[in-house]
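Trainee: Please take a close look at one part of this model with me, and then show me how it connects to its surroundings. I would like one connected explanation, with each term explained as it comes up.

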Amino acid sequence: QVQLVESGGGLVQPGESLRLSCATSGFTFSVSAMHWVRQAPGKGLEWVSDITNEGATYYPDSVKGRFTTSRDDAKSTLYLQMNDLKPEDTAMYYCVKDLSALDRSVGFWGPGTQVTVSS
């Protein structure tokens, strides 16, 4: 079965960086587009990034230029490098396969990793 496990979250100060990882298993990672989605406290789900199986990447304006998603097909692992973090980046970050809607009942979602940006 599909398994996604995020790691790398934590508490950082504004301007600092974090690298999230998502270890995957149970499917052919190398042919799968993958996604990051976040949910801030008291808010809805927000799309953060896409990466196609060929490595093309897409971001919303809110993170473009600060966040970079990448993949290591040999390790079946997805990454999210987050630089110049801001308090508004505080959220639970989810790794997602088969993202067709911002709805945790659709597709495959990891349990999430918490990122807190605070001075």
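Mentor: Let us begin with tryptophan 109, which counts as buried at 14% relative accessibility (buried means under 20% relative accessible area, exposed over 50%, and partly exposed in between, with a 1.4 Å probe and protein chains only). Keep in mind that this is a predicted model, in which local features need pLDDT of at least 70 and side-chain atom pairs count only at pLDDT 80 or more, while totals for chains, interfaces and linings use all residues. Residues are numbered from 1 along each chain as its sequence is written, and side-chain values use heavy atoms, with hydrogens and water left out.

The structure holds 2 aromatic pairs (rings of Phe, Tyr and Trp, the last by its six-membered ring, pair if their centres lie within 6.5 Å, and planes under 30 degrees apart count as stacked, over 60 as edge-to-face and the rest as tilted). One of them joins tyrosine 94 and tryptophan 109 in an edge-to-face arrangement, with 5.7 Å from centre to centre and 70 degrees between the planes. Because tyrosine 94 belongs to strand 9 and tryptophan 109 to strand 10 (residues 108-109), this pair ties together parts that are 15 residues apart in sequence (strands are DSSP E runs of at least two residues, numbered from the N terminus). Tyrosine 94, with 5% relative accessibility, counts as buried.

Staying with strand 9, we come to cysteine 95, which a disulfide joins to cysteine 22, with 2.1 Å from S to S (a disulfide is a pair of cysteine sulfur atoms within 2.5 Å). The torsion about the S-S bond of cysteine 22 and cysteine 95 is about -75 degrees, and the disulfide is therefore left-handed. Since cysteine 22 lies in strand 3 and cysteine 95 in strand 9, the bond ties together parts that are 73 residues apart in sequence. Both cysteine 22 and cysteine 95 are buried.

These two cysteines appear again around leucine 78, whose contacts, leaving aside its neighbours within four places in sequence, include Cys22 and Cys95 as well as Leu20, Phe29, Met34, Trp36 and Ile51 (contact means heavy atoms within 4.5 Å). Leu78 is in turn a member of the largest nonpolar core, where, of 24 residues, Met34, Trp36, Phe67, Leu78, Leu80, Met82 and Tyr93 touch the most other members. Strand 9 (91-97) is among the strands that each supply at least two residues of this core, and others include strand 3 (18-25), strand 4 (34-39) and strand 8 (77-82). Such a core is a set of buried Ala, Val, Leu, Ile, Met, Phe, Trp, Tyr and Cys residues joined through side-chain atoms within 4.5 Å.

At the far end of strand 9 there is a charge to consider, for lysine 97 lies over the face of phenylalanine 27, at 5.1 Å from the ring centre (a charge sits over a ring if NZ of Lys or CZ of Arg is within 6 Å of the ring centre and within 35 degrees of the ring normal). Phenylalanine 27 is buried, as is phenylalanine 29.

Beyond strand 9, aspartate 98 has its place in the loop between strand 9 and strand 10, and although aspartate 98 is not a glycine, its phi is positive, at about 60 degrees. Aspartate 98 is partly exposed, with a relative accessible area of 39%. Seen as a whole, the protein has 0 helices and 11 strands, and 40% of its 119 residues count as buried.

Note on methods
Helices (H or I, at least four residues) and strands (E, at least two) are DSSP runs, numbered from the N terminus.
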